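Please find below my notes on the model you sent, set out as numbered points. They follow the chain from its N terminus where that is practical.

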Amino acid sequence: MFVSSRYSVHPTCRSSFGIIGFSVTVTTQATKFSALHVDQRIEAFLKHFREKLQAMTDKEFQTQVDALVTLKQCVDLNLAEEVNRNWGAIQRGTYVFDVLEREVKVLKTVKKKEILDLLDELVYEGKSRRKLSTQVVGFGDQEDKLTSSSGDARKQLNGVTNNHVDDMQISYLSCDGNTIMNIHKFKECLEVYPVTVINQ
């Protein structure tokens with residue numbers, strides 16, 4: 001995660017029921033930047049990242065890989081870290097308790113071209129690329145008027161304010177041809193994949 005004067009950005013890799021993904025979460029003030037602008041900046045960041053990776057020498061790339069290997073070989077600082085990692089493997093049904101050792105083994109053989117090819121296929125304009133951009137815009141000028149107590153926040157979350165007035169409204173952003181206007185209808189068109197357990 002990194003924070004600038006304009007954005008708070010949190011990129012992460014994820015595995016949701018065996019589906020591998022990469023997400024970039026950006027938090028900014030609704031009065032400063034539009035959701036479309038933030039989405040465009042994410043795409044610009046991904047393009048810049050590829051250019052930077054492409055420009056790396058093999059030695060520079062290997063330095064980054066070695067640093068990641070060192071990080072994954074660090075011992076757990078406390079018992080909670082080890083328990084959480086192993087319990088996560090149980091909850092996901094993978095039962096792979098040596099995942100860090102396996103990752104290190106793969107990292108020691110990875111090549112820069114393999115990473116570039118993977119990025120081109122999955123993150124950039126490859127045939128396998130799938131992108132979902134979820135954009136939530138706050139109240140704008142009305143944000144300062146919202147109360148901060150947990151009780152009021154819970155009521156507002158349920159669409160009820162102190163005056164029992166239904167102020168919570170959902171308004172969709174302008175449609176650009178790819179905007180999902182009906183979530184239920186969109187879900188009906190999707191293919192259903194079985195839950196996949198990655199244990200190799």
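Which residue in E3 is the bridge partner of Val9? The first point takes this up, after a remark on the source of the coordinates.

1. The model is predicted, and the values discussed here are computed from its atoms. As for the opening question, the residue of E3 that bridges to Val9 is Val26. Arg14 also has its bridge partner in E3, namely Gly21. Both bridges fit the wider pattern, in which strand E2 (residues 8–16) and strand E3 (residues 19–27) pair in the antiparallel sense over nine bridges. The hairpin of E2 and E3 has two residues between the strands, and in this hairpin Phe17 takes a positive phi near 55 degrees.

2. For the overall layout, the secondary structure of the protein chain comes to seven helices and three strands, and the order of the elements from the N terminus on is β-β-β-α-α-α-α-α-α-α. Of the 200 residues in the protein chain, 17% are buried. When contacts are restricted to residues at least 6 apart in sequence, 50% of them join residues at least 24 apart.

3. Ser34 deserves a separate comment, since several features meet at this residue. Ser34 is placed in the loop between E3 and H1, and with a relative accessibility of 43% this serine counts as partly exposed. A polar atom of the Ser34 side chain lies 3.1 Å from the backbone nitrogen of His37. The C-alpha atom of Ser34 is also separated by 9.7 Å from that of Gln135, although the two residues are 101 residues apart along the chain.

4. How many aromatic pairs does the count come to? The count comes to one aromatic pair, formed by Phe45 and Phe49, whose rings are 6.5 Å apart centre to centre with 35 degrees between the planes, a tilted arrangement. Both residues lie in helix H1 (residues 35–55), four residues apart, which is about one turn of the helix. In an α-helix there are 3.6 residues a turn, so residues three or four places apart point the same way. Neither ring belongs to a buried residue, because burial requires a relative accessible area under 20%, whereas Phe45 has 35% and Phe49 has 41%; both therefore count as partly exposed.

5. Helix H2 (residues 58–72) has 15 residues and reaches 21 Å from its first C-alpha to its last, close to the 21 Å expected at 1.5 Å a residue. Phe61, Val65 and Val69 are buried in H2. They cover an arc of only 80 degrees around the axis, which puts them on the same side of H2. Lys59 and Leu71, by contrast, are exposed on the other side of H2. As to what the buried residues of H2 pack against, their partners are H1, helix H4 (99–107) and helix H5 (112–122).

6. Helix H3 (residues 79–92) can be checked in a similar way: its 14 residues should span 20 Å at 1.5 Å a residue, and its end C-alpha atoms are 20 Å apart, which agrees. The N-terminal end of H3 is capped by Asn78, which has a side-chain oxygen 3.1 Å from the backbone nitrogen of Ala80. Just after H3, Gly93 takes a positive phi of about 80 degrees.

7. Tyr95 merits a look at its backbone, because its phi is near 55 degrees, a positive value in a residue other than glycine, and its exposure can be stated alongside, with a relative accessible area of 52%. The place of Tyr95 is in the loop between H3 and H4. Is this tyrosine buried or exposed? Tyr95 counts as exposed because its 52% is above the cut-off of 50%.

8. The last point concerns Ile180, which lies in the loop between helix H6 (150–157) and helix H7 (183–188). Ile180 is partly exposed, with a relative accessible area of 29%. Its C-alpha atom is 9.9 Å in space from that of Ser133, while the two residues are 47 residues apart in sequence.

How values were computed:
Residues numbered from 1 in each chain as written. Predicted model: local features only at pLDDT ≥ 70, side-chain atom pairs only at ≥ 80, totals over all residues. Heavy atoms only, no water. Phe/Tyr/Trp six-rings, centres within 6.5 Å; stacked < 30°, edge-to-face > 60°. Buried < 20%, exposed > 50% of the residue type's maximum accessible area, 1.4 Å probe, protein only. Pairing = 2+ DSSP bridges. Polar contact = N/O pair within 3.5 Å; in protein donor to acceptor, adjacent residues only side chain to side chain. Expected span 1.5 Å × (residues − 1). Arc of directions from axis to C-beta. Contact = heavy atoms within 4.5 Å.
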